[in-house]
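Student: Please take a close look at one part of this predicted model. I would like to go through the place where its two domains meet.

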Amino acid sequence: MFRDPFDIDNYAQDPDHYLAVPFVPTEEDTVEAMLSLAGVGPGDRLYDLGCGDGRIVIAAARDRDARGVGVDVDPLRIADAMEFAGWAGVEHMVDFREEDLFSVDVREATVVSLYLLQSINVQLRPRLLSQLKPGARIVSHAFDMGDWQADERIKVADGYIYKWTVPASVAGQWSWTGADGTPCRLELEQTYQQVTGRAWLGEIEVDLLGAELCGERLEIELQANAATPVQRFTLTFADGALKSAVET
């Protein structure tokens, strides 16, 4: 269905038109692996940044009933993508936009897919972290995000696919009351999904044995000393605030 990317008729004709990333189509098996790793399904809205001929967005709509938006700076690629969406019968589920990657608004996305370069990923990283909601997933073919370590990485025929889950902002001081009435308090520091800090139960500082952040959920383990049981809490954050704390 997709045209040869090296057909000269598919290249932009404007010699001043600068493409930061060359178009290299993603193999269909890799497209499927990206969608599977991201857990794309009905209810998702996938944004493919640097969408080329639109094959990832089209596959998400055709095979997984997800809506999608493809963004590319090359108008001829956008025209191809719109044509291919029509052939696949999903033109009512997808949108393709000729737009710069660094200006696109991704706040509606639940999944973002990338096949760019590491340097471009790193430049996009602040925008993705600031605009995407906690729990949104990012998948990248072949290139990582620099010092933002992926949550998962899988091997495919032509390299690796990386997955990140956008973390809530949890750095700061938080307090709540435990089920037994004990005041609980945290002071947290955060680098992406990595969380460290200090904890108190009542007036006693206790060990923060572990903190695992995935999207808006932070799971922590606290222990006063080796002779006392480990206490586990699941904290939920939204809009920069602690919404709930449940002992598990």
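Tutor: Salt bridges between domain 1 and domain 2 number 0. Polar contacts do occur there: 5 residue pairs, both partners at pLDDT 80 or more, link domain 1 and domain 2 in this way. On the side of domain 1 that touches domain 2, the residues comprise 5 nonpolar, 3 polar and 3 charged. Charged residues are therefore present on that side, yet the salt-bridge count across the boundary is 0, with a salt bridge requiring a Lys or Arg side-chain nitrogen within 4 Å of an Asp or Glu carboxyl oxygen.

As for which parts of the chain are meeting, domain 1 covers 28–166 and domain 2 covers 172–247. Their centres, taken over C-alpha atoms, are 34 Å apart. In terms of residues, 11 from domain 1 are in contact with 5 from domain 2.

The size of an interface is often expressed as the accessible area lost when the parts come together. For domain 1 and domain 2 the buried area is about 570 Å², and carbon and sulfur atoms give 53% of it. On the domain 1 side, P134, W148 and T165 account for 51% of the area buried against domain 2, more than any other three residues.

The database record adds an annotation: an unreviewed UniProt entry places the feature "domain: Methyltransferase" at residues 48–131. That span is 45% helix and 20% strand, and its end C-alpha atoms lie 15 Å apart.

Terms used:
Residues are numbered from 1 along each chain as its sequence is written. This is a predicted model: local features need pLDDT of at least 70, side-chain atom pairs count only at pLDDT 80 or more; totals for chains, interfaces and linings use all residues. Side-chain values use heavy atoms; hydrogens and water are left out. Domain bounds come from an automatic or database domain assignment. Contact means heavy atoms within 4.5 Å. Buried area is the accessible area (1.4 Å probe) that two parts lose on being put together, summed over both. A polar contact is a pair of N or O atoms within 3.5 Å; within protein, one must be able to donate a hydrogen and the other to accept it, and residues adjacent in sequence count only if both atoms are side-chain atoms. Ala, Val, Leu, Ile, Met, Phe, Trp, Tyr, Cys and Pro count as nonpolar, Asp, Glu, Lys and Arg as charged, and the others, Gly among them, as polar. UniProt positions are given in the numbering used here, feature names are shortened, and annotations may be inferred rather than shown by experiment. Helices (H or I, at least four residues) and strands (E, at least two) are DSSP runs, numbered from the N terminus.
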